[in-house]
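This report walks through one protein model, from single buried side chains to the core and the sheets. Please keep the structure open while reading.

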Amino acid sequence: MNSHSAHGHEHSHDHDHHHDHDHSQGHARPAWLRLGVAALLVLVMAATACFVQVRVGEATVITRFGNPSRVLMEPGLNWRWPLPFEAAVPVDLRLRTTSSGLQDVGTRDGLRIIVQAYIAWQVAPDPQRIQLFMRAVQNQPDEAARQIRTLVGSALETTASGFELADLVNVDASRVRIEAFEQRLQDQIAQQLINTYGVRVVQVGIERLTLPKVTLEATVDRMRAERETIATERTAEGKRKAAEIQSAAERDARILQADANVKAAQIQAQSQVQAAQIYGKAYAGAPELYTLLRSLDTLGSVINPATRLVLRTDAAPFRALVEGPALPAGADHGQR
């Protein structure tokens with residue numbers, strides 16, 4: 001019995017000894033692993049803090065103790081010192097539009113118009129301009145838009161004073177100069193925006209242009225007067241052309257009439273010559289017949305349907321009607 005107890009005690013002592021040794025080894029390995037993992041995490045976090053990503057459509061300004069030191073333009077990962085040494089500030093370079101709102105401005109001819117313009121702009125993709133934008137408006141696009149609206153409102157007044165109302169509102173499309181108005185407006189604001197705020201103007205346009213009641217009435221009156229002037233000019237031009245046509249027609253008629261008179265006189269003279277020749281031949285062949293025909297011609301030219309004459313029948317030329325033609329001398333002797 002003693003022997004068995006001693007053996008059990010020895011076995012128990014060996015078992016406890018091995019158990020304690022294995023337990024101490026199991027606690028030592030996880031401690032080293034935890035230290036390694038922690039060190040690795042620290043390294044990863046430090047590396048992450050030293051990298052900055054530049055997105056498409058943005059630039060990143062690296063500031064050192066609050067002051068801009070450099071500007072990253074290319075999209076992708078870049079290196080920087082971790083906080084608090086350096087910080088990364090993204091700047092939006094995408095295109096934006098800002099409206100001026102309705103502005104009551106005056107034209108060169110003293111009339112008022114209500115005009116609204118829009119401006120397409122963006123922060124200039126240039127490191128110096130980007131830093132200027134950050135200093136001027138603290139990298140706030142809304143503040144930049146407010147400054148742009150104020151500047152455009154003043155520029156609209158100046159630009160409109162260089163144009164007449166007819167250059168902006170006209171029924172004749174060839175006289176409208178909206179594009180010139182937009183270009184002059186852009187020229188006035190572009191340089192100031194780029195130099196003061198680092199903002200590049202991409203496009204300027206007129207999105208609305210209306211007329212106040214007084215200006216509208218004046219415009220209608222002016223258009224009516226222009227139409228009346230045009231109508232008067234066209235009427236005068238029509239009368240002038242009609243007078244020219246009538247004068248030319250009368251001239252041509254006089255020329256034709258003169259030519260006809262000349263030809264008629266020529267024909268009449270020629271007919272008289274021919275008649276004289278015929279009369280001469282008739283007289284040479286039959287003097288009595290010639291005398292009778294001439295007497296009848298005389299009667300035809302003297303007497304018309306309204307003429308009444310009382311003459312002796314034995315007087316010439318009526319004697320020819322009573323006595324008849326005189327017979328030749330030879331014929332009279334033959335009859336006897």
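Gln122 is buried, because its relative accessible area is 13% and the cut-off for buried is under 20%. The model is a predicted one. Gln122 belongs to strand β8. Beyond its neighbours within four places in sequence, Gln122 is in contact with Leu93, Arg94, Leu95, Gly198, Val199, Arg200 and Val202.

**Overall make-up**

The secondary structure of the protein comes to 9 helices and 9 strands. The protein has 336 residues, and buried residues make up 22% of them. Of the contacts between residues at least 6 apart in sequence, 61% join residues at least 24 apart.

**Gln116 and Ser100**

Strand β8 also holds Gln116. Gln116 counts as buried because its relative accessible area is 16%, against a cut-off of under 20%. Leaving aside neighbours within four places in sequence, Gln116 is in contact with two runs of residues: Ser99, Ser100, Gly101 and Leu102, and Gly205, Ile206, Glu207 and Arg208. One of these partners, Gly205, is 89 residues away from Gln116 in sequence. In space, the C-alpha atoms of Gln116 and Gly205 are 8.8 Å apart.

Where does Ser100 lie? Ser100 is in the loop between β6 (96-99) and β7 (103-106). Ser100 is a buried loop residue, because its relative accessibility is 7%. Not counting residues up to four places away in sequence, Ser100 touches Gln116, Ala117, Arg149, Val152 and Leu156.

**The nonpolar core**

The largest nonpolar core has 37 residues. Val91, Ile119, Ile130, Leu156, Ile189 and Leu193 have the most contacts inside this core. At least two core residues come from each of β2 (58-64), β8 (112-123), α2 (127-137), α3 (141-160), α4 (165-168), α5 (178-196) and β9 (199-210). The largest share of this core is that of α3, with 8 residues.

Leu156 appears twice in this account: Leu156 is among the core residues with the most contacts, and Leu156 is touched by Ser100. Ile130 is another of the most-contacted core residues. Not counting residues up to four places away in sequence, Ile130 touches Ala59, Val61, Val71, Met73, Val91, Leu93, Val123 and Ala124.

**Helix α2 against helix α5**

How do α2 and α5 pack? Their axes are 8 Å apart, at an angle of about 85°. That angle makes α2 roughly perpendicular to α5, because the range for this class is 65 to 115 degrees. From α2, the contact is made by Arg129, Leu132 and Ala136. From α5, Ile194, Asn195 and Thr196 take part. By class, this contact has 3 nonpolar, 2 polar and 1 charged residues.

**The loop after α2**

Two residues in the loop between α2 and α3 have positive phi without being glycine. Gln138 is one: it lies in that loop, with a phi of about 55°. Asn139 lies in the loop between α2 and α3 as well, with a phi of about 60°. Which of the classes, buried or exposed, does Gln138 fall into? Gln138 counts as exposed because its relative accessibility is 52%. Asn139, by contrast, counts as buried because its relative accessibility is 16%.

The residues with a stated burial class are set out here.

| Residue | Relative accessibility | Class |
|---|---|---|
| Ser100 | 7% | buried |
| Gln116 | 16% | buried |
| Gln122 | 13% | buried |
| Gln138 | 52% | exposed |
| Asn139 | 16% | buried |

**Strand pairing**

An open sheet of 3 strands runs in the order β3-β2-β5, with antiparallel pairing. β3 (67-72) and β5 (86-92) are its edge strands, each pairing on one side only. On average, and with direction ignored, neighbouring strands of this sheet are turned by 30° against each other. β2 and β3 are antiparallel and are joined by 5 bridges. Val61 has Val71 of β3 as its bridge partner. Both Val61 and Val71 are touched by Ile130.

Elsewhere, β1 pairs with strand β4 (residues 76-79) in the antiparallel sense, over 4 bridges. Gln53 has Leu77 of β4 as its bridge partner. What are the two faces of strand β1 (residues 51-54)? Val52 and Val54 form the covered face, while Phe51 and Gln53 form the uncovered one.

Notes. Residues numbered from 1 in each chain as written. Predicted model: local features only at pLDDT ≥ 70, side-chain atom pairs only at ≥ 80, totals over all residues. Heavy atoms only, no water. Core = buried A, V, L, I, M, F, W, Y, C linked by side-chain atoms within 4.5 Å. Buried < 20%, exposed > 50% of the residue type's maximum accessible area, 1.4 Å probe, protein only. Contact = heavy atoms within 4.5 Å. Axes fitted to C-alpha atoms, helices over the stretch in contact; angles between N-to-C directions. Parallel < 35°, antiparallel > 145°, perpendicular 65-115°, else oblique. Nonpolar A, V, L, I, M, F, W, Y, C, P; charged D, E, K, R; others polar. Pairing = 2+ DSSP bridges.
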